[in-house]
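Here are a few notes to read alongside the picture. Keep the structure open and find each spot as you go.

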Amino acid sequence: LGLALYAGSLCAVTGATFLYHDYCVIGAGPAGLQAAYFLQRAGRDYVVFERSHAPGSFFALYPRHRKLISINKQYTGKSNSEFNLRHDWNSLLSHDRRLLFRHYSRDFFPDADRMVRYLEDFASLLKLRVQYNTAIIHVTLERNGQAWNGHYFLLTDQDRKNYKCSSLLVATGTWVPNVVNFPGSEYVEGYETVSINPEDFAGQTVLILGRGNSAFETAENILGVTNFIHMVSRSRVRLSWATHYVGDLRAINNGLLDTYQLKSLDGLLEGDLEDLAIVKDKKGKLHITLRFYLENRNFSAGIDSITLPQDELDNFATRAPYDRVIRCLGWKFDFSIYNRSLKLMPGKGNIKKYPQIKPSYESRGTRGLFVLGTASHSVDFRKSAGGFIHGFRYTTRAVHRLLENRHHGVPWPSTVFPITQLTNSIIKRVNEASGLYQMFSVLADIILLRENATAFEYLEEYPIGVLAELEMQTGRKAPNGLFVIIMEYGRNFSGADKDVFYYNRAVGEAQHAWQSNFLHPVIYYYKRLPTEREMRVRPPEWPLPRPDAIHHIVEDFLTDWTAPNAHILPLRRFLENCLSTDLRNFFAESCFLFAFTRQKLPPFCQQGYVRMQGLLGSEGLRRHALQAGLLQDYTPTDLSGDRPPDSRDRSQDQLLRDHVIPVRPLQHLVNAKDE
């Protein structure tokens, strides 16, 4: 039957007219608009298909109670825009400063309607090519050796119009409600349709199925008007502050935990929902029983003929009848529109609601099909922020860079620096980069060393899951070794059962940096690029294979890794040990001395002093260096006593002008004291 349907779909599109684009994007939510922005800036041929009349249709309905749980921090005390994005979880990336979410809401947890308005402005102000009221109902393949990936993607909308593209970007999110079928599930109301008016629940007893933010959001809304609320799910509650995963229960919604633990009638239960059954009595009350009690019984005969758990166990937890049962089980990806030829399959286990994709966000079954946004969260589910705007805005940019290299020969953006800037470059990025900070353990900065370690090439926010493919994916070469900079939490600090507030939870000494618990930078050094096999067999819970050397920068309470002794000095010495070189900065006087006493000058002297580069000396600068003890005083002593009072000052000024007193290149004077 599947083969017949596939053949029928091919016959149906044979001879049809197709509108061609290089890139087709399905979905004009945040991820789809972010992809469109990068494609437009690169001048690519693309179109975005959106089934609704406006972008961000998901946020027009969800969350039902309209309060987002993505933070909108107005003030950080800093003006660095990249740093501030670390605490702005709603803005998309663009060059237009008007399109920062703080201009749309001042609330720490904004209203969802503000997000709808923001996405509308993002699409219109940037003139993104979005085709609204276009629901793609079928996607299949057409084999063609001339196509970029050996095939074209054929799309059909609700009006039977056809489109063809070389690369398909799926940004539809997860919007199909998760439903559990069991006897009596027809009495269950869905989160997507249940009333949001608290007065509709006044004096009622409510059971909520689920234990995520949507379940607790629903409970929070009716907490003050119900008799009591019970919540049941197969797993224990996971608090985001313990797991460090923003998709777990957030504090803004956890009022039910208070009323449960403080014995105010509400409660949480654990159990497999598929084992439940609901029986409705003549008064309309809903009774909870177990499926096995209904075996070999006439379910439609009424409650009197059915054995309930309390008939055998008189203190059964859910023996009280409920007025309403509400399903809040989240959403899953819609696989229905994709033909089998695309081999877009669901994941396994706890990621079965997402499609199977590679760490490059490309489908495992079809080359050229990339999944963006929330639907791509299988790459870092329960690990990082890839399922949320503040995470996938960076992974979408990474996918765009991969596509630019693959299809257009544009290498991954990079900057080349002299080796003397290695420490400064790392410190700058770990202190301000938002992509590293939000997508910890997923995106990394890569430093490719040049021959003899005289310079390096810096690549930002590369997906570490495809590190072994770096040369092919980026168009950059790594023959001389590399550093990988990522952010990590402590190995044993995150988990639903972890006490993250224990007394000695923080590490302050640089020598114990490897024991840091909170988010902190980690630098991996490899003498050669890791292989695919090494990536597969890496130690459990390690984001990368075992390196030749590793360095943890000690955690910092202010997430400010600029302390000279605790942060910078240990990092510099680690880099020096890896490269067998001296990365210190020197005054010209020291470089002059090294030239006569050493066979090889430090890189700073080679690239600065020898080439006559640096800051031009002045009287004020010289006096500062003398007072700090950084230079010797070569001022001639006046022994005659016959000169006018101001003759000494005039002679010093004349000597400076005549270059009798050496004018030394004083590069990085403030930080250049010899260590």
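1. Start with Arg598: this residue lies over the face of Phe594, and the distance to the ring centre is 3.9 Å. Bear in mind that you're looking at a predicted model. Lys78 does something you can describe in the same kind of words, lying over the face of Phe83 at 4.3 Å from the ring centre.

2. Now for rings meeting rings. How many aromatic pairs does the structure hold? The count is 31. Take Phe101 and Tyr104: their ring centres are 6.4 Å apart and the planes meet at 25°, so this pair is stacked. Planes under 30 degrees apart count as stacked, which is why 25° qualifies.

3. Are these two rings buried or exposed? Phe101 is buried, with a relative accessible area of 0%. Tyr104 comes out at 14% relative accessibility, and that counts as buried too, because the cut-off is under 20%.

4. Look at Tyr354 and Phe381 next. Their ring centres lie 5.7 Å apart with the planes at 65°, so this pair is edge-to-face. The two residues are 27 apart along the chain, and the pair links distant parts of it: Tyr354 is in the loop between strand E15 (331-332) and strand E16 (369-371), while Phe381 is in the loop between E16 and helix H9 (389-408). Tyr354 and Phe381 are both buried.

5. Back to Phe101 and Tyr104 for a moment. Ring pairs join them with Tyr37, Phe38, Tyr118 and Phe122 into a cluster. Try colouring those residues together.

6. On to the sheet. Six strands make an open, antiparallel sheet, and the order to trace is E17-E19-E18-E20-E21-E22. Which strands stand at the edges? They are E17 (414-418) and E22 (549-552); each has a single partner strand, so one side of each is left without a neighbour in the sheet. From one strand to the next, the twist averages 20°.

7. Zoom in on one edge. Strand E21 (residues 520-526) pairs with E22 in the antiparallel sense, over four bridges. Tyr524 stands opposite Ile550, which is in E22.

8. Finally, the helices on the sheet. Helix H10 (residues 422-432) packs on the sheet and touches E17, E18 (443-449), E19 (455-463), E20 (482-488) and E21, with its direction at about 20° to that of E19. Helix H14 (residues 564-579) packs on the sheet as well, touching E18, E20, E21 and E22. The direction of H14 makes about 175° with that of E22.

Key: Residues numbered from 1 in each chain as written. Predicted model: local features only at pLDDT ≥ 70, side-chain atom pairs only at ≥ 80, totals over all residues. Heavy atoms only, no water. Phe/Tyr/Trp six-rings, centres within 6.5 Å; stacked < 30°, edge-to-face > 60°. Buried < 20%, exposed > 50% of the residue type's maximum accessible area, 1.4 Å probe, protein only. Lys NZ or Arg CZ within 6 Å of the ring centre and 35° of its normal. Pairing = 2+ DSSP bridges. Axes fitted to C-alpha atoms, helices over the stretch in contact; angles between N-to-C directions. Contact = heavy atoms within 4.5 Å.
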